[in-house]
Amino acid sequence: MTAATLDLGPAPRLLFLANDPATVRRQLAGERLTPAAAGPLRHDVSTDEITPVAILSHYDARLARFPYTGLQCGGELPIAAGAVQQGGFQVTVAGRRYGKGSSREHSPAAERLAGIRLVVAESFERLYRQNADNIGLFTSTDFGLLDRLARGEAIPIDDLLAGREPLAAAILRAGGLLRFGQHHLRGLAPAPAAVAGRPMTLYEKIVRRHLLATPVTPADPAAGQGCFLRADLRFIHEYYTGMAAHMLDAEFGDRLRLHQPEGIVVFEDHTSYMAESPAHLKAGLLPNMQAMCRAQREFVARHGLRCHRTLTDDEAAADDGSNVAGISHAMVAERYALPGQVVVGTDSHTPHSGALGCLAFGVGTTDMANAFATGAVRMTMAPVLRVQLDGRLPPDVTAKDIVLHLLALPAIRGGGAVGHVFEFTGPVVDALSTDERATLTNMTAELGGLTGIVAPDAETVRFLRERRGIDAELEPWMRSDPGAAYAGEVDVDCSALAPMVAAPGDPGNGIALDALREPVPVDIAYGGSCTAGKREDFDHYHAVLAWGLARGLKVPPRVQLYLQYGTTAVRDYCIERGYDKVFAAAGARILQPSCGACANCGPGSSTVASQVTVSAINRNFPGRSGPGQVWLASPPTVMASALAGQLCSWEALRRRVGAD
């Protein structure tokens, strides 16, 4: 159990993550600042900035050297490795939407190991805050604590937990989730079936079919209340398995027995091209990365788990077709997830599978370690936002454009939908393929949501039959009831949408492409990732490039074009249709299925700050895909821009060459 107070001594060190890099450096040099003297704080600090991807091969005390080493303030990186620890900082202070981005628990772990005991911010992203809870790092939105700390006051734990949801408070009082789980989460049974006294959303129905009864959670949780669920599928990848194994070994030793290991799938999907990752090479981390992969393979062998491994180019050339591999959450949608299930994974883009009508959401390492040991998955009951997509999509406008439009809405950009479930519905959704629906649900991570979901229908049945050979029968309950209560509704007239881009720095920097005032030359064009590495995404890539080649267009020599398959099934689909020949003729480098440039894990990332990338990935946080500037766009826009050598929609390119 934790102490009754947080006592940081008579003169605790506070680190204000200010917009001004000079202000940050003054603090690192020893100057103590008041909130007023610190000036404006950085908003939207991402986990890529707290712990850049290159150091995720560390999962022990060595993380203490690295918090905030990717933090960009005024275009500079003011915090060097070891600076936070050496400065003796105990409290971090930041602006709104702190901890945006991935599910990497390395971020709060690095902070805590460096000596940070409390993070104060205007608001927090769901996954970051839950990860912090799980390892006993306190977070608060009460800026009044800063004056009290400056006076040397010991803060009662009750004050730190004021306003927090009871389960989060109980986990923090226990010192973290694993300790909490040992006391409360053994031998759990399903919660008694709730009597349907009101219309429910599909999300609520799935939750109630998977709810576990515990002594510390409500039998019928309302929005904002914590609970535990039984997951049909738990999956993890190599950036997290070593850390999870380390935690479990420390907690259980030889007593460890995984709960229902047949429901666990392990993926090696981030490291195929690590030998070509400038971020890892520059930091000299290849041995660490290799050790991280070995740790995962040892964990898999020890517990007899299913595992999918991605391929290098050399391995792909020798593959006899028996290897089935790809990006974890893309693979889960292709091979595992089913309507009405609960799927959890250690990746923030786990909501990808919500396109099939299941509840799929990302968790951190401690959450997964606890789920491995107990079978119980922590979740805070989320409010549901209904996203009504009306009208009809214009030609060349895709699901990616819809998401970029949603991300730019002021209410969402400001964090108004953090922790919500996005239920996508309406005639446009009905007309979308499952691949396109998956783009919507995948990027609910960027929207700040717990997950996205689409009610299963005839299209879902078609997808499961054609992709998996499953004759699925949808049950009558698998849809939201008429009259179900929603926290809000967003209505979009999709007929009025145009191709979108998101300017560098944040996926919420959306703007209609034709509204750009100046040409934006590009150096790199990248098509791939979980968001845009699906079959229909490659249909778009092929359509634009084949059209261009037929008219004598070529990718300019100064533009590097990369195409990376999301899974081996997508690769095989493209080869069967001859797409690979068109891609090669266009000068693209074709990459094997893996999480690549999106997370700075391989070719397609920028290598110098002056490079400009147009990319079909999902995030463009500072430093996310290298030091350059990343514009987000849809698959057809990325290929049209590659041919044009500057940001350009396919429609605009057709007009330019005078062809239909």
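This report looks at salt bridges, one enclosed helix and the cysteines of a predicted model.

Because the model is predicted, local features are given only at pLDDT of at least 70 and side-chain atom pairs only at pLDDT 80 or more, while totals for chains, interfaces and linings use all residues. Residues are numbered from 1 along each chain as its sequence is written, and side-chain values use heavy atoms, with hydrogens and water left out.

**Salt bridges**

Side chains of opposite charge can pair when their charged atoms come close. Here a salt bridge is a side-chain nitrogen of Lys or Arg within 4 Å of a carboxyl oxygen of Asp or Glu. By that rule the model holds 36 salt bridges. Three of them are set out below.

| Pair | N to O distance |
|---|---|
| Arg 302 and Asp 249 | 3.4 Å |
| Asp 396 and Arg 654 | 2.6 Å |
| Arg 437 and Asp 457 | 2.8 Å |

Let's take the pairs in turn. Helices (H or I, at least four residues) and strands (E, at least two) are DSSP runs, numbered from the N terminus. Arg 302 belongs to helix H14 (residues 286-303) and Asp 249 to helix H12 (residues 238-252), so their salt bridge ties together parts 53 residues apart in sequence. For burial, the cut-offs are under 20% relative accessible area for buried, over 50% for exposed, and in between for partly exposed (1.4 Å probe, protein chains only). Arg 302, at 46% relative accessibility, is partly exposed, and Asp 249 is partly exposed at 35%.

Asp 396 and Arg 654 are 258 residues apart: Asp 396 sits in the loop between strand E16 (384-390) and helix H18 (399-408), and Arg 654 in helix H29 (residues 650-657). Both Asp 396 and Arg 654 are buried.

The partners Arg 437 and Asp 457 are 20 residues apart, with Arg 437 in helix H21 and Asp 457 in the loop between strand E18 (451-453) and helix H23 (458-468). Arg 437 has 0% relative accessibility and therefore counts as buried.

Salt bridges also join into a network, which links Asp 44, Lys 100, Arg 413 and Asp 506.

**An enclosed helix**

How many of the nine residues of helix H21 are buried? Nine of the nine are, so this helix (residues 434-442) is largely enclosed by the rest of the structure. Among these buried residues are the charged-pair partner Arg 437 and its neighbours Glu 436 and Ala 438.

**Cysteines**

With a disulfide defined as a pair of cysteine sulfur atoms within 2.5 Å, a search of the whole structure finds zero. Cys 73 is buried at 0% relative accessibility, and Cys 648 is buried with a relative accessible area of 3%.
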